[in-house]
Amino acid sequence: MASLKPMNGAEIVIQSLIDQGVEVVFGYPGGAVLPIYDAIFQQSSVRHVLVRHEQGAVHMAEGYARSTGKVGVVLVTSGPGATNAVTGLTDALMDSIPIVCLTGQVPTHLIGNDAFQECDTTGITRPCTKHNYLVKEPKDLARIIHEAFFVARKGRPGPVVVDLPKDIQFADCPYVMPESVKPTTYRPATRGKIQAIEKAVDLLSNAKKPIFYGGGGIINAGPAACKKFTDFVRATGYPCTLTLMGLGAFPASDKQFLGMLGMHGTYEANMAMHDCDVMIAVGSRFDDRITGRLDAFAPDAKIIHIDIDPSSINKNVAVDIPIIGNVAHVLGQLTGTWDKRKNRKRNLKELKAWWKQIEDWRSRDCLAYKKNSEIIKPQYALERLQALTEKRDTFITTEVGQHQMWAAQFLKFEKPNHWMTSGGLGTMGYGLPAALGVQTGHPGKLVIDIAGEASFMMNMQEISTAVQHHLPVKVFILNNEYLGMVRQWQELLHGGRYSESYAAALPDFVKLAESFGAVGLRANKPSEIDDVITEMVEVDNVVIADIVVDPTENVYPMIPSGSPHNEMLLGPAAKGKGSGKVTEKGKVLV
Amino acid sequence: MAKKVASQIKSSKSQPGSAYFMVDSDQRIEQHTMAVMVINEPGVLARVIGLFSGRGYNIESLTVASVTHDDSMSLITIVTSGTPMVIEQIRNQLERLVPVDSIKDLTQEGPYVERELAMVKVVTKAKSPERAEVLRCADIFGAKVVDTTTRSFVFAMTGNTDKVESFIDLMRELGRTEVARSGVVAIGRGT
Ligand SMILES: Cc1cc2nc3c(=O)[nH]c(=O)nc-3n(C[C@H](O)[C@H](O)[C@H](O)COP(=O)(O)OP(=O)(O)OC[C@H]3O[C@@H](n4cnc5c(N)ncnc54)[C@H](O)[C@@H]3O)c2cc1C
Ligand SMILES: Cc1ncc(C[n+]2csc(CCOP(=O)(O)OP(=O)(O)O)c2C)c(N)n1
Ligand SMILES: [Mg+2]
């Protein structure tokens with residue numbers, strides 16, 4: 001509750017965080033936020049996690065937010081503190097993650113003077129936040145902070161920056177409670193229009209070759225919405241594919257699940273997307289990694305698209321039935337309408353044929369890879385990791401590259417909020433700090449960062465944060481000594497000219513771990529994998545596991561950019577070859 | 001429907017190396033006038049303009065002024081152009097901005113009236129025949145003389161963009177001109 005004693009700006013900041021239910025702040029101090037750090041020092045309601053780089057702070061807040069469903073909070077100083085946060089903010093914007101980032105600013109009378117550690121924070125962050133504020137008057141402070149939380153979580157979530165000049169932090173400020181604050185001009189729709197719902201159910205009922213295409217929006221809508229989605233998909237009996245951001249919204253073990261779709265999605269998911277007659281997109285945004293060639297995307301499909309953000313609809317692909325609303329509500333509406341029409345006629349014969357076709361595609365076994373007893377295949381390492389952690393409530397984060405795609409393909413997500421990855425921006429260096437954020441929100445749970453050696457090195461200073469705060473995350477490095485994803489494209493598209501993609505001068509990751517006070521482990525051969533994983537999981541400390549894998553392995557299937565969904569490159573071990581090959585024209589397109 | 005897009009978008013023959021599938025659109029380009037009501041706060045115009053430049057939308061004209069009795073809201077009138085899909089995006093992207101209260105696509109919701117104010121200075125030789133001609137033409141266009149010297153006039157005239165441009169073109173033929181324009185303001189007709 002708000003106390004009645006007069007508070008200064010810094011105290012107002014802390015009081016607002018408390019009243020917003022904030023448990024933890026990820027931050028780094030500096031001159032322009034010292035009053036706030038002073039207020040932090042004098043209380044014990046809000047925990048502060050000291051990071052090692054402000055980019056790490058934002059990714060931690062993202063991992064925390066994505067795994068708990070709460071808003072992640074960041075506190076950084078002016079100038080370099082704010083600019084270091086920019087990559088994280090952009091990442092959160094692209095992946096719709098709710099963040100409130102408080103930045104220090106020089107005193108109001110110095111703004112615009114090129115003062116020490118001044119930068120135009122609101123100017124710099126305007127295009128990479130959902131919204132931002134500069135507090136100019138003490139009277140606005142409490143309202144703006146509460147409004148920032150409202151905006152960050154409402155509608156399509158995203159990052160919000162509040163820039164706090166130092167004089168405001170010292171000034172006496174009036175306090176207002178969160179409930180009294182609501183921006184009048186921001187009113188996202190929640191319920192779908194009833195006519196659209198009716199039309200969508202008609203279309204779904206009459207479908208012969210339907211498919212569900214679910215995305216990160218279902219995860220954004222929360223576990224209850226994921227359950228509604230799962231129940232609805234099961235009620236229809238239709239096949240379901242998920243985007244990279246949507247994994248976990250529908251149980252991976254369910255027979256109706258076709259795996260991830262898109263550039264590195266499964267053969268069955270992409271073929272079904274291409275051939276379907278009715279597609280229902282739920283909280284997914286027709287990203288270019290999904291659609292491939294737009295003029296050959298699902299050529300025969302009628303498309304239903306549920307999204308809370310009208311700007312996601314008809315952006316890349318024109319749809320037939322747009323439904324603007326929160327999937328949590330819209331799925332309830334759809335299920336209700338679907339259930340009311342129990343006695344409708346269905347195309348049972350065609351649906352059976354559709355499933356038979358899908359099973360045919362599935363039998364190609366598109367994720368198969370050549371086993372090897374001498375050298376660790378990255379896929380094998382992940383299969384073992386899956387097998388040895390299945391019984392636990394495991395949270396996975398990733399860096400960006402081949403390892404990320406293999407993790408999406410080979411790890412099985414049964415529940416939402418257990419998979420944190422940088423999809424939209426593809427930020428190398430996301431995974432480790434994100435894992436720390438997850439661990440902060442889930443003490444005692446197993447949190448693993450599936451990493452590439454190159455990505456890990458982009459934010460590896462955060463191992464120090466992990467050790468300091470007893471956040472025993474596990475970094476599982478699939479070490480192929482290459483910027484593997486880059487190497488793969490160079491192999492397939494640039495004549496094997498491996499320009500600057502060798503990860504030279506790597507550190508000894510075991511010694512590196514030890515120097516931080518963490519545990520370092522290494523597996524060189526397939527026979528060593530199980531022991532390393534077991535030890536990694538058991539030991540109650542931060543672990544860096546250096547898994548030395550085949551440097552030449554590629555991620556398949558792959559839809560080369562510029563190709564339609566039904567022209568995929570399949571790996572050498574899949575049954576039958578993919579129909580795709582990289583044409584000269586395709587090379588230009590990728 | 002997906003097919004519809006397919007026919008509207010054709011892949012380009014001569015593409016540079018890229019990580020993306022690129023398309024040339026042969027959809028028609030339309031011009032739209034939008035009235036955007038925003039909270040009158042610092043930075044709001046930067047948000048709108050930044051949205052247009054960041055996403056590569058065109059601005060043909062943009063005006064802004066406070067329009068409510070308490071100065072709490074401003075109206076931004078934007079004339080923009082793009083394919084129908086881009087126009088829809090522009091509207092939806094504007095709607096995402098937190099301080100944007102409402103958007104009217106006047107072209108779509110029509111009918112509406114639009115006006116521009118132009119101030120046109122025309123400099124001619126003193127006592128020349130052009131001087132009389134300038135005045136005669138200005139009269140036809142309903143332009144008002146707001147300043148004069150022996151060698152110049154300043155006219156103020158309002159009209160839609162077409163009319164304003166015709167007037168300016170005409171004046172250019174008659175003397176050395178200097179022009180200031182307000183940009184378009186527009187409002188829906190009727191009740
Ligand atoms: C190296 C690399 C390779 C990749 N390859 C692939 C690939 O093969 N396959 C793949 O799928 N992705 C891939 N991606 C990820 C890809 O770039 C996109 O990030 C991803 O496809 C977007 O997922 P999404 O469509 O679920 O949208 P998200 O980015 O998760 O967006 C969510 C959508 O849901 C809406 N929404 C949010 N909340 C709600 C709500 N409550 N109700 C309704 N709607 C809501 C939002 O408005 C938005 O439109 C790759 C990324 C990288 C870095
Ligand atoms: C910050 C950043 N810089 C560059 C890239 C481009 N990029 C994508 S994947 C990749 C290589 C990643 O190498 P590694 O982490 O070792 O993963 P691998 O692909 O080998 O599994 C690069 C450089 C990026 N995604 N992010
Ligand atoms: Mg690598």
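In which order do the strands of the open sheet in chain A follow one another, and is the pairing parallel or antiparallel?

**Figure 1. The open sheet of chain A in the predicted model.** The sheet is formed by 6 strands in the order 16-15-17-18-20-19, and the pairing is parallel; strands, like helices, are DSSP runs numbered from the N terminus (E, at least two residues, for strands; H or I, at least four residues, for helices), and two strands pair if DSSP finds at least two bridges between them. Strand 16 (419-420) and strand 19 (519-523) stand at the edges with a single partner strand each, so one side of each has no neighbour in the sheet. Strand 15 and strand 16 pair in the parallel sense over 2 bridges, and Ile396(A) stands opposite Trp419(A) in strand 16. This is a predicted model in which local features need pLDDT of at least 70 and side-chain atom pairs count only at pLDDT 80 or more, while totals for chains, interfaces and linings use all residues. Residues are numbered from 1 along each chain as its sequence is written, chains are lettered from A and ligands numbered from 1 in the order in which they are written, and side-chain values use heavy atoms, with hydrogens and water left out.

**Figure 2. Strand 17 of chain A and its partner strands.** Strand 17 (residues 446-452) is mostly covered, with 7 of its 7 residues buried, where buried means under 20% relative accessible area, exposed over 50%, and partly exposed in between (1.4 Å probe, protein chains only). Leu446(A), Ile448(A), Ile450(A) and Gly452(A) point one way from the strand, whereas Val447(A), Asp449(A) and Ala451(A) point the other way, and all are buried. Strand 15 (residues 394-398) runs parallel to strand 17 and is joined to it by 5 bridges, with Thr397(A) standing opposite Asp449(A). Strand 18 also pairs with strand 17 in the parallel sense, over 5 bridges, and within strand 18 the bridge partner of Ile448(A) is Lys474(A).

**Figure 3. The magnesium ion (ligand 3) and its protein donors.** Two OE donor entries of Glu453(A), together with OD1 of Asn480(A) and the O atom of Tyr482(A), lie 2.1 to 2.5 Å from the ion; donors are N, O and S atoms within 2.8 Å of the metal (3.2 Å for Na, K and Ca), and water is not among the atoms, so sites may look incomplete. Along the chain the donors follow the spacing E-x26-N-x1-Y. Distant parts of the chain are linked by the pair Glu453(A), in helix 18 (residues 453-456), and Tyr482(A), in the loop between strand 18 (474-479) and helix 20 (484-493), which are 29 residues apart. The arrangement is irregular because the 6 donor atoms around the ion subtend angles of 52 to 177°; four donors count as tetrahedral if all angles lie between 85 and 135 degrees, four count as square planar and six as octahedral if opposite donors are over 155 degrees apart and all others between 65 and 115, and anything else is irregular. Glu453(A) is buried at a relative accessible area of 0%, Tyr482(A) is partly exposed at 22% relative accessibility, and Asn480(A) counts as buried at 6%.

**Figure 4. Surroundings of ligand 2.** Of the 17 residues around ligand 2, Gln402(A), His403(A), Gly426(A), Ser455(A) and Gly484(A) come nearest, a residue being near a molecule or strand if one of its heavy atoms lies within 4 Å of it. Oxygen atoms of ligand 2 lie 2.8 Å from a polar backbone atom of Gln402(A), 3.0 Å from an N or O atom in the side chain of Glu453(A), and 3.2 Å from a polar backbone atom of Ala454(A). On its own ligand 2 has 580 Å² of accessible area, of which the protein covers 76%. Helix 16 (402-410), helix 18 and helix 20 of chain A are the elements that give two or more residues to the shell. Asn480(A), in the loop between strand 18 and helix 20, makes a side-chain polar contact with the side chain of Gln402(A) at 3.1 Å; a polar contact is a pair of N or O atoms within 3.5 Å, and within protein one must be able to donate a hydrogen and the other to accept it, with residues adjacent in sequence counting only if both atoms are side-chain atoms.

Key
Areas by Shrake-Rupley, 256 points an atom, 1.4 Å probe, with all protein chains shown as cover.
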